[in-house]
Amino acid sequence: MEDGRQAEEMETQECGSQQEEAAWIWKQAERDAVAQSTFDAIEGYWKAAEQGDADAQDALGVCYYYGRGIEKDFQRAFELFEKAAEQGNISSQFHLGLCYYCGEGVERNTRKAVRWFERAAKQGHAFAQNNLGTCYINGEGVEKDFKRGIAWYEKAAEQGDVRLQKLLGKLYYLGNINKQVERDVKKAVKWLTMAAEQEDAESQCLLGECYYLGQGVEKDMEKAMEWFEKSALQGNDNAQYNLGVLYEEGFGLDMDKAAKWYRKAAEQGDEEAQYRLASYLMRIAGNSEDVDSAIEWYEKAAERGHLRAKKELRNYYYHMAERYKDLLSDKAVEFLIKLFILLVSAAVLNELDKPFIFLIEFFCIVASSFISRERYRDTESYRIRRDYLRRAAQLGHKRANIKLMIGG
């Protein structure tokens with residue numbers, strides 16, 4: 001298991017664009033604010049809003065924005081949010097910030113968006129804290145300040161935002177690529193634990209790694225296994241791979257279980273799991289079908305650039321090519337050719353790497369072409385051998401490539 005294998009390096013852009021955050025938060029507002037709205041309810045909102053009720057103005061504004069029981073009208077939504085926000089309604093202050101940021105119902109103005117987000121955020125509005133953090137990180141409507149942005153993210157995360165808990169956990173686990181935030185594994189464990197307890201699979205996997213490596217927490221293989229398994233059961237391929245490693249090399253020592261989890265991760269495209277599964281299948285192969293299955297997984301891993309899988313494949317293909325090598329029919333001629341080469345090769349080509357083996361094979365192949373050309377090239381074994389040599393050569397096997405060129 002490699003340190004940090006399942007966590008990708010985090011850049012500022014990972015915080016996501018404000019537009020994407022806004023879209024997600026509008027969806028939450030739709031669900032939480034007026035999910036039960038009906039035409040009768042809207043009529044009641046109107047009466048209360050006309051009398052200056054800020055909560056009614058906010059609820060009616062959301063109805064207009066989403067077209068809940070009434071035709072969509074961004075401009076009216078904006079006007080209602082503005083009236084309620086000026087009266088101190090926190091929800092409308094947040095909504096008004098979104099209107100300014102997205103340019104819906106009003107000309108886009110990120111500075112005003114930040115102002116309204118900040119007013120709501122300071123009063124504890126989690127979504128406003130989240131959006132304000134993104135504005136600081138991206139430098140939208142305010143001077144870029146990564147640390148201040150993270151501070152607002154932390155305030156929102158404390159209120160249960162699992163997306164931010166995971167993001168902060170990853171950020172502190174890895175450290176920021178531009179060194180704006182130093183790596184702090186203890187903080188990482190804190191945030192990852194909060195997200196993991198909310199069933200976030202990626203956080204569970206990373207938390208398992210923390211326990212496995214003793215990063216930010218005392219090393220505990222049982223807890224590592226527990227968190228990996230929770231994540232793996234949700235389909236996280238990194239956790240599935242890690243479970244396989246634990247069963248193969250560390251805690252458990254059960255190759256059947258290791259192969260089970262390798263297969264699950266391999267089926268999701270994890271090349272290291274594909275390689276390990278192939279290696280295991282090759283070791284236990286009892287028939288040609290088992291070998292074919294192992295080779296299939298080696299090929300999948302090799303296609304994804306796995307170097308060891310490529311090496312295993314090219315060596316396997318070359319070995320198979322040698323098994324199908326036809327012997328010369330005339331043993332005496334073959335013996336004389338080999339003897340001749342042994343006598344002259346050292347003097348003539350001693351600068352070549354392994355000249356004896358190369359020249360012997362070269363002259364045997366040439367001789368076989370003259371001695372029994374038709375028999376040699378028309379056999380099924382010859383065609384199979386050439387196919388294996390091609391496969392080995394394509395994967396970088398030098399001797400296979402030479403033999404192809406000289407007709408071997």
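This report walks through a predicted model, from its overall make-up to a few helix pairs and single residues.

## Overall picture

What does the secondary structure of the protein come to? There are 22 helices and 0 strands. The protein has 408 residues, and 46% of them count as buried.

Contacts between residues at least 6 apart in sequence can be split by how far along the chain they reach. In this protein, 55% of them join residues at least 24 apart.

## H16 against H17

Let's start towards the later helix numbers. Helix H16 covers residues 288-303 and helix H17 covers residues 307-323; the two pack with their axes 8 Å apart, at an angle of about 135°. That angle makes H16 oblique to H17, because it falls neither over 145 degrees, where a pair would count as roughly antiparallel, nor in the 65 to 115 band for roughly perpendicular. As for handedness, H16 and H17 cross in the left-handed sense.

Which residues make the contact? On the H16 side they are Val291, Ile295, Tyr298, Glu299, Ala301 and Ala302, and on the H17 side Ala309, Lys310, Glu312, Leu313, Tyr316 and Tyr317. Sorted by class, the residues of this contact come out as 9 nonpolar and 3 charged, with no polar ones. The charged ones are Glu299 from H16, plus Lys310 and Glu312 from H17.

## Gln274, a buried glutamine in H15

Gln274 sits in helix H15, which spans residues 271-284. Is Gln274 buried or exposed? Its relative accessible area is 3%, so Gln274 counts as buried, the cut-off being under 20%.

The side chain of Gln274 has a polar partner: it reaches the backbone oxygen of Ala266 at 3.2 Å. Leaving aside residues up to four places away in sequence, Gln274 touches Ala266, Gly269, Trp297, Lys300, Ala301 and Arg304. One of these, Ala301, also turns up on the H16 side of the contact with H17.

## H9 against H11

Now for another helix pair. Helix H9 (residues 162-174) and helix H11 (residues 201-213) have axes that come within 10 Å and cross at roughly 35°. The crossing of H9 and H11 is left-handed.

From H9, the contact uses Lys166, Lys170 and Tyr173; from H11, it uses Glu202, Ser203, Leu206, Glu209, Cys210 and Leu213. How does this contact divide by class? It has 4 nonpolar, 1 polar and 4 charged residues. The charged residues are Lys166 and Lys170 in H9, and Glu202 and Glu209 in H11, while Ser203 is the polar one.

H9 also holds Leu171. At a relative accessible area of 1%, Leu171 is buried. Its C-alpha atom is separated by 9.5 Å from that of Lys187, and the two residues are 16 apart along the chain.

## Gln204 and the loop before H11

Gln204 is part of helix H11. Gln204 is buried, since its relative accessible area is 0%. Its side chain reaches the backbone oxygen of Ala196 at 3.2 Å. Once residues up to four places away in sequence are set aside, the residues touched by Gln204 are Ala196, Glu199, Trp227, Lys230, Ser231 and Gln234.

Glu199, on that contact list, deserves its own mention. Where is Glu199 found? It is in the loop between H10 and H11. Glu199 is not a glycine, yet it has a positive phi of about 70°. With a relative accessible area of 48%, Glu199 is partly exposed.

## Two more pairs to look at

Lys190 has its place in helix H10, residues 185-196. Lys190 is partly exposed, with a relative accessible area of 39%. Although Lys190 and Gly216 are 26 residues apart along the chain, their C-alpha atoms are separated by 9.0 Å.

Val62 belongs to helix H3, which runs over residues 54-66. Val62 counts as buried, at 0% relative accessibility. What is the C-alpha to C-alpha distance between Val62 and Phe78? They are 9.2 Å apart in space, with their positions 16 residues apart in sequence counted as the separation.

Technical notes. Residues numbered from 1 in each chain as written. Predicted model: local features only at pLDDT ≥ 70, side-chain atom pairs only at ≥ 80, totals over all residues. Heavy atoms only, no water. Axes fitted to C-alpha atoms, helices over the stretch in contact; angles between N-to-C directions. Helix = DSSP H or I, 4+ residues; strand = E, 2+ residues; numbered from the N terminus. Parallel < 35°, antiparallel > 145°, perpendicular 65-115°, else oblique. Left-handed = near helix turned anticlockwise from the far one by under 90°. Contact = heavy atoms within 4.5 Å. Buried < 20%, exposed > 50% of the residue type's maximum accessible area, 1.4 Å probe, protein only. Polar contact = N/O pair within 3.5 Å; in protein donor to acceptor, adjacent residues only side chain to side chain.
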